[in-house]
Amino acid sequence: MFSVRYLPIFVLFVYGYRLSQASDDPVQIFLSHIDNATNNLWVQLETDDDHVFLRSDLESFIHSYDTDNNTHVTRLEFYTHFLKDDPDLGSIAYGLFLEFDSNQDGVIDSKDLDTIYARIDINNDLRVDETEFKQYFKSLLTVLFLIHIQGIPEPGPIV
Ligand SMILES: [Ca+2]
Ligand SMILES: [Ca+2]
Ligand SMILES: [Ca+2]
């Protein structure tokens, strides 16, 4: 016989089951992963809390990857910095480097920054607000993580 005594256990069981269902949904996991990554980027890059991501913020972001301070970021510098916390994200690093080296000369430098900034500045008013920033990085990361999950492409040789 079902007794009220067991009701809390039953409720907990159903609740726990539904929670585990929700967190087992690969699409939900994927989307919350992208959300977290985008939010982390915003917190990390919009450093002065004025809710605007300036071109100078983008510049200091790129310079933080320039280990030898010679004003350009090589593929090796980019991979080394990006992969130090999570070496499994090789294909993400590969895709991000391709995206940020917009003139495809093999390094990321100030010549690339105008193009990147213009891409993020969706409404073209020369400033990037939180919505634009998150929209840009969410779609970029979604594509890159989908490629990552499928396991292609492998990062090419580091030169
Ligand atoms: Ca460098
Ligand atoms: Ca370049
Ligand atoms: Ca804008």
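In the predicted model, 55% of the contacts in the protein chain between residues at least 6 apart in sequence join residues at least 24 apart. Of the 159 residues in the protein chain, 15% are buried. The chain contains seven helices and four strands, and these elements follow one another along the sequence in the pattern α-α-β-α-β-α-α-β-α-β-α.

Confidence was examined next. The mean pLDDT of the protein chain is 83, with 81% of the residues at 70 or more. The highest mean, 97, belongs to strand 2 (residues 73-74), whereas the lowest, 49, belongs to helix 1 (residues 7-24). Over residues 1-17 the pLDDT is below 50, and in the model this stretch has zero contacts beyond near neighbours in sequence.

Two helix pairs, each involving helix 7, were then considered. Helix 2 (residues 26-45) crosses helix 7 at roughly 135°, and the two axes come within 9 Å. Helix 2 is therefore oblique to helix 7, since the angle is neither over 145 degrees nor within the range of 65 to 115. The crossing of these two helices is right-handed. On the side of helix 2, the contact involves F30, I34, A37, T38, L41 and W42; on the side of helix 7, the partners are E130, F133, K134, F137, K138, L141, T142 and F145. Classified by residue type, the contact of helix 2 with helix 7 comprises nine nonpolar, two polar and three charged residues.

The second pair is formed by helix 5 (residues 90-100) and helix 7 (residues 130-150), which pack at an angle of about 140° with their axes 9 Å apart. Helix 5 and helix 7 are therefore likewise oblique to each other, and their crossing is right-handed. Helix 5 contributes S91, I92, G95, L96 and E99 to this contact, while helix 7 contributes L140, L144, F145, I147 and H148. Six nonpolar, three polar and one charged residues make up the contact of helix 5 with helix 7. F145 of helix 7 thus appears in the contact with helix 2 and also in the contact with helix 5.

The surroundings of helix 5 were also described. Its buried residues are I92, A93, Y94, G95, F97 and F100. Of these, I92 and G95 also take part in the contact with helix 7. The cover over the buried residues of helix 5 includes helix 7 together with helix 4 (75-82), strand 3 (107-108) and helix 6 (110-120).

Conventions:
Residues are numbered from 1 along each chain as its sequence is written. Chains are lettered from A and ligands numbered from 1 in the order in which they are written. This is a predicted model: local features need pLDDT of at least 70, side-chain atom pairs count only at pLDDT 80 or more; totals for chains, interfaces and linings use all residues. Axes are lines fitted to C-alpha atoms, for helices over the stretch in contact, and angles run from 0 to 180 degrees between N-to-C directions. Angles under 35 degrees count as roughly parallel, over 145 as roughly antiparallel, 65 to 115 as roughly perpendicular and the rest as oblique. A crossing is left-handed if the near helix is turned anticlockwise from the far one by less than a right angle, and right-handed if clockwise. Two residues are in contact if their C-beta atoms, placed from the backbone, lie within 7 Å. Ala, Val, Leu, Ile, Met, Phe, Trp, Tyr, Cys and Pro count as nonpolar, Asp, Glu, Lys and Arg as charged, and the others, Gly among them, as polar. A residue is buried if 20 or more other C-beta atoms lie within 10 Å of its own, exposed if 12 or fewer, and partly exposed in between; C-beta atoms are placed from the backbone. pLDDT is the predictor's confidence in each residue, from 0 to 100.
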